[in-house]
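Open the model in your viewer and keep the selection box ready. The tour moves from charged pairs to a pair of packed helices.

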Amino acid sequence: MTRRAVGTVIVGSWMVCMTWLVIRQISRPPEAFLEAAAARLAPSAAFYQILLNGVPMGNAGITLDTVFTGYRVTEVWSMDLAGPTRSHRHVYRSDAELSRSLKLQTQVVNLSEAGVPRILELQQGDSLVTLEERRPGGQSEAAQLGGRSITIAAGLVFRLAAEKRLERGASVSRTVALPMMKRSEVQSARVIGDAVMAVSDSAVWDSTRSDWVAVPAPGVTAWQVERTWGGMPMIEWVDAQGRLLQRSWAFGLTLERSPFEVNYNRYQAALRGGRISLPQTITGARARTSFAGAPDTTIRELVIHVARLDGPAWPGSSQVFQGGRQAVSHDTVTVRRRGKPIPGSTQPDQALMQATGNRSAGEAYARALAAMPEGSDTLAHLVQWVSHSVRLVDDSSTTSVQNVAATRMGGARGKVALLVEFARLAGKPARPVIGVDAGRPELPSHIWAEVWEADQWIAVDPVYGHVPAAASLLRVSEGPDSRPLALVPLVASLRTTILAVRR
């Protein structure tokens with residue numbers, strides 16, 4: 001064989017091998033690329049102060065561990081909120097197992113609000129992610145969150161870091177599980193800038209001050225990421241590994257990374273010594289039903305200016321309140337008891353029409369219809385029936401549709417859940433929503449329902465029997481949980497000023 005022939009064989013073999021490698025790479029599924037990229041993520045642990053307008057009110061920690069099947073992400077929050085007589089501690093702990101491609105496998109959320117425990121457990125099934133809530137007394141409640149490609153909120157930024165796409169203009173969108181809201185939503189994370197930040201993770205004891213002092217740290221490149229959480233705008237600063245350095249909600253709390261000894265030991269010592277004065281009024285920290293009297297329904301239209309406790313609202317952040325009976329213009333929100341129909345609008349998602357099919361709820365619905373006077377409005381009658389026939393009790397005891405329908409007792413969540421079930425049985429799309437009563441200076445939290453009828457969302461309040469609901473109720477987000485751990489992070493910094501009241 002001549003040299004030319006040998007060379008031709010070698011070159012041909014090389015070309016065949018390269019072609020095979022190219023085809024193999026192109027034919028690999030996206031998950032395979034992401035698995036390879038995610039291998040760059042390193043285990044880490046970081047600790048944070050929880051701040052409200054610069055005042056510490058708790059601590060948080062986030063850890064990322066590698067496991068055989070992928071990753072475990074643990075997030076812990078501990079917040080102290082002032083009550084009428086003493087402060088109450090609220091604790092959130094989430095343990096999430098992610099696959100190598102950062103998809104959610106399981107997530108267990110342990111909640112303790114003023115000593116009342118709850119457990120939320122998410123499980124990846126063959127085609128759906130299911131959620132089960134367990135409460136004291138053996139009560140449980142189940143829900144479905146969506147398909148197999150769901151991740152957790154932190155998974156968005158981890159994906160950008162794993163794929164080395166932390167650069168201005170880069171973005172990623174995924175379906176994210178929101179256990180506290182008992183739903184999932186498509187969220188996006190977009191890199192909008194970068195800067196050099198000095199963040200310390202260690203501290204030393206200063207005997208002269210009798211205090212922990214952060215060790216000076218060199219500056220690291222940080223990327224500013226714009227995203228949402230529960231529908232509320234949020235800004236995060238992350239490092240090259242996607243680890244959180246700082247997080248701020250548009251109208252909520254701020255997390256700042258700092259050494260454990262500084263943010264935990266110093267905070268606890270100051271709290272015990274009375275050197276920290278917890279804010280007595282925090283938006284959404286107290287329930288609307290704990291205040292005497294029902295919301296004022298004589299108001300036809302309420303015009304509210306929204307801002308932050310420490311200054312004006314972020315540019316464009318007020319748009320989060322847009323929709324339904326709420327109209328936004330710059331930093332002004334107008335809430336009308338009766339919204340305007342949207343001609344030609346499409347019907348809401350099919351999921352908002354699916355009743356649970358619970359037997360007790362079906363029997364209660366039949367009894368409610370049987371008691372309806374001839375010619376009366378079905379929706380108004382159902383709201384009135386739930387308001388008057390279901391006794392209002394502590395919200396932490398009876399909340400599931402089944403228990404509320406069977407016992408005729410329920411908290412605000414339970415009443416709203418039963419009304420939503422009734423509306424869906426009547427063929428009307430319905431959803432629970434959470435927000436605050438802007439008619440009271442304390443801005444207490446509340447939960448009510450929105451029902452789709454005549455090409456518009458109609459707000460109704462089965463707790464007080466109002467159809468439509470009072471105009472002072474400002475919707476913040478869709479969801480069935482208006483308790484502090486769900487609402488305070490989103491709106492603790494919200495400040496409202498009533499500009500006009502039209503009756």
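Each stop below gives a selection and then what is there. Keep in mind that this is a predicted model.

**Stop 1: Arg483 and Glu113**

The structure holds 31 salt bridges. Start with the one between Arg483 and Glu113, whose closest N and O atoms are 3.6 Å apart. Arg483 sits in the loop between strand S25 (473-478) and helix H9 (484-491), while Glu113 belongs to strand S5 (residues 104-113), so this salt bridge ties together parts that are 370 residues apart in sequence. Are the two partners buried or exposed? Arg483 is buried, at 13% relative accessible area. Glu113 is buried too, at 8%. Both values fall under the 20% cut-off for buried.

**Stop 2: Glu121 and Arg134**

Next, select Glu121 and Arg134. Their side chains form a salt bridge, 3.0 Å from N to O. Glu121 is in strand S6 (residues 116-124) and Arg134 in strand S7 (residues 129-134), so the pair links parts that are 13 residues apart in sequence. Glu121 is partly exposed, with 27% relative accessibility. Arg134 is also partly exposed, at 30%.

**Stop 3: Glu226 and Arg190**

Move on to Glu226 and Arg190. Here the closest N and O atoms of the salt bridge are 2.6 Å apart. Strand S13 (residues 219-229) carries Glu226 and strand S10 (residues 183-198) carries Arg190, so the pair ties together parts that are 36 residues apart in sequence. Glu226 has a relative accessibility of 34% and is partly exposed. Arg190 is partly exposed as well, at 38%.

**Stop 4: a salt-bridge network**

Now return to Glu113 and Arg483 and widen the selection. Add Arg118, Glu133, Lys182, Arg413 and Asp481. Salt bridges with shared partners join these residues, together with Glu113 and Arg483, into one network.

**Stop 5: helices H5 and H6**

Leave the salt bridges and select residues 359-370, helix H5, and residues 378-389, helix H6. How do H5 and H6 pack? They pack at an angle of about 115°, and their axes are 10 Å apart. The crossing is right-handed.

Show the side chains where H5 and H6 meet. On the H5 side, pick Ala364, Tyr365, Ala368 and Leu369. On the H6 side, pick Thr378, His381, Leu382 and Trp385. Which classes of residue make up this contact? Six are nonpolar, two are polar and none is charged.

How values were computed. Residues numbered from 1 in each chain as written. Predicted model: local features only at pLDDT ≥ 70, side-chain atom pairs only at ≥ 80, totals over all residues. Heavy atoms only, no water. Salt bridge = Lys/Arg side-chain N within 4 Å of Asp/Glu carboxyl O. Helix = DSSP H or I, 4+ residues; strand = E, 2+ residues; numbered from the N terminus. Buried < 20%, exposed > 50% of the residue type's maximum accessible area, 1.4 Å probe, protein only. Axes fitted to C-alpha atoms, helices over the stretch in contact; angles between N-to-C directions. Left-handed = near helix turned anticlockwise from the far one by under 90°. Contact = heavy atoms within 4.5 Å. Nonpolar A, V, L, I, M, F, W, Y, C, P; charged D, E, K, R; others polar.
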